[in-house]
Structures are given as structure tokens and as C-alpha cells.
Amino acid sequence: MSGRAPTEREADALLGDWLDEKGIPRGSPRAAGVRAALLPARAASDADVAAKLNPKLRRFSSILIRIAAEHKMTVAAVEAVLVKRGLLEYVDDIPTSRFEHQVELALRSDELARAVENYPDNAQGETMRSVATAMSARGGKSVEEVARDGVFLYADFYGASAGAPSGLVATRDPDIQAPMVAFYLKHEGGRWIIGVYRQNKRAPQRSDAAYVDALKAWLIKGGIPARDLR
């Protein structure tokens with residue numbers, strides 16, 4: 001480390017790597033003992049955080065502390081999301097190996113729900129809520145579908161101006177048969193990133209940018225803030 005001693009945070013990270021190399025589970029009593037001996041101040045601080053957690057979550061305290069740091073949240077804020085999303089109802093049945101995944105899903109679902117909760121009660125607002133719902137879901141028929149971090153939004157653009165979309169369907173399924181265009185939406189940094197995944201070759205062809213501009217214009221007309229779209 002260029003001749004300097006590691007900070008306590010860096011030492012903690014290096015200790016985690018060492019535990020992994022030795023095959024010692026990070027949340028195990030043995031790992032806790034090693035950590036308490038080498039990093040007593042940090043171990044004591046984490047023990048204080050764990051003591052304030054709901055009893056059902058205390059066995060996962062080290063995981064929650066790490067996730068909170070990665071998301072730049074407090075552990076209490078992470079716990080509040082888990083309570084809000086109903087995770088505590090079945091936390092006793094979640095193995096340690098799956099807990100982190102469940103927490104990440106809960107945080108992602110909560111982020112998306114908050115992103116659309118104040119959108120208007122009209123077609124545009126409902127479209128974005130359906131996108132958020134589909135984006136929160138996990139699972140599918142293929143590895144490709146499971147791995148994606150966004151969703152598809154199918155749409156048709158008919159009529160003289162072809163300015164307003166119809167037949168809007170949000171899905172994680174990448175197949176495109178009937179609709180004119182399949183958009184692909186992601187949510188990053190508090191904004192919706194809209195692109196065209198594929199156009200139906202049997203439909204009238206327009207540029208991808210024209211379709212994206214038409215969808216954005218329709219959303220903004222219905223009250224979706226322009227600052228939320230990218």
C-alpha cells in the first residue's frame with residue numbers, strides 16, 4: 001500500500017478477502033472472533049449497530065452493514081425498507097446464502113416504487129408504474145431475460161401523425177411479433193433511460209430516435225417530468 005498502513009476500512013476489506021481465501025464464512029462466529037481480535041473498535045461499532053436491529057435481522061447484521069455502506073444508506077434505512085417491503089414476514093426461512101439477494105431486490109423494488117408513486121393517475125402514469133412493476137420482478141424463461149436490468153415496453157404508432165403510442169405493454173420478455181416497436185427502459189441515477197430494442201420489420205420503418213422522441217413527448221404531455229427522462 002505504498003508504504004502506508006491501511007485504514008480501518010481498508011483493513012476490514014482485506015480481512016474479508018482473507019476469510020474468503022481460508023474458507024471461513026464472513027458471518028460465522030469464527031469470523032466474528034477473528035475480526036474482534038484484529039479490529040476491536042470496528043467490531044464494537046458493528047456490534048452496537050446489530051443490537052439496534054430487529055431481532056430477526058441480527059444474524060444478518062454483517063451483511064446489512066456492508067449493503068448499507070455500498071448503497072450509501074444507514075443500516076436503519078435499509079431495515080426500514082425491508083419492513084416496508086414485507087421481508088420480515090418470512091426472513092426466518094431465508095438461508096444466509098440468499099439473504100443478500102433478497103435485500104437487493106427489496107431495495108431495488110422500493111427505489112422503483114418511489115420513482116413512480118407521484119406520477120399522475122392517467123395513461124402515462126399507469127404506463128410508467130407498469131414499467132416499474134415489471135422491472136421489480138425477477139425470473140423468466142431464459143438466462144438473457146433474468147440477467148437484464150431493464151424491461152421492454154411494446155408500443156404501436158398508428159395514424160397520420162403517429163405521435164401517440166397505443167397498445168403499451170411492459171414486460172421482461174424480449175420477443176417482438178405484433179407490436180411496431182419494442183423500447184428498452186432502464187432506471188439509473190433517478191432517471192428513466194429510454195432506447196429502442198428492436199423495430200418490427202413488418203411495420204412502417206422510422207428512425208429509432210423518432211420513436212424515442214415520440215414516446216418521451218407523449219409521457220411529458222401526460223405529466224411525467226421531463227427531468228425524469230433521458
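**Figure 1. Overall dimensions of the protein chain.** The radius of gyration of the protein chain is 23 Å, whereas a compact globule of 230 residues would have one near 17 Å. The model is predicted. Along the principal axes, the C-alpha atoms occupy a box of roughly 75 × 40 × 35 Å. Buried residues make up 42% of the 230 in the chain. The exposed surface comes to about 12,800 Å². Carbon and sulfur atoms supply 54% of that surface.

**Figure 2. Order of helices and strands.** The protein chain holds nine helices and four strands. Read from the N terminus, the order is α-α-α-α-α-α-α-α-β-β-β-β-α. Contacts with a separation of 6 or more can be sorted by distance along the chain: 54% of them join residues 24 or more positions apart.

**Figure 3. The largest nonpolar core.** This core has 30 residues. Which residues have the most contacts inside it? They are Phe-183 and Trp-192. Several elements each supply at least two residues, including helix H6 (96-116), helix H7 (123-136) and helix H9 (208-221). Strands E1 (151-156), E3 (181-188) and E4 (191-199) each do so too. The largest share, six residues, comes from H9.

**Figure 4. A second nonpolar core.** This core is separate from the largest one and has 20 residues. Among them are Leu-64, Ala-68, Val-81 and Leu-107.

**Figure 5. Lys-72 in its loop.** Lys-72 lies between helix H4 (61-70) and helix H5 (75-84), in the loop that links them. Its phi is near 55 degrees. That is a positive value in a residue other than glycine. Most residues other than glycine have a negative phi. Is Lys-72 buried or exposed? Lys-72 counts as exposed because its relative accessible area is 78%, and the cut-off for exposed is over 50%.

**Figure 6. Glu-89 and Lys-56.** Glu-89 sits in the loop between H5 and H6. With a relative accessible area of 72%, Glu-89 is exposed. How far apart are Glu-89 and Lys-56 in space, C-alpha to C-alpha? The distance is 9.6 Å. In sequence, Glu-89 and Lys-56 are 33 residues apart.

**Figure 7. Charges of the protein chain.** The chain carries 33 positive and 30 negative charges. The mean position of the positive charges and that of the negative charges are 2 Å apart.

Methods. Residues numbered from 1 in each chain as written. Predicted model: local features only at pLDDT ≥ 70, side-chain atom pairs only at ≥ 80, totals over all residues. Heavy atoms only, no water. Rg over C-alpha atoms; globule rule 2.2 N^0.38 Å. Buried < 20%, exposed > 50% of the residue type's maximum accessible area, 1.4 Å probe, protein only. Contact = heavy atoms within 4.5 Å. Areas by Shrake-Rupley, 256 points an atom, 1.4 Å probe, with all protein chains shown as cover. Lys, Arg positive; Asp, Glu negative; His and termini not counted. Charge placed at Lys NZ, Arg CZ, Asp CG, Glu CD. Core = buried A, V, L, I, M, F, W, Y, C linked by side-chain atoms within 4.5 Å.
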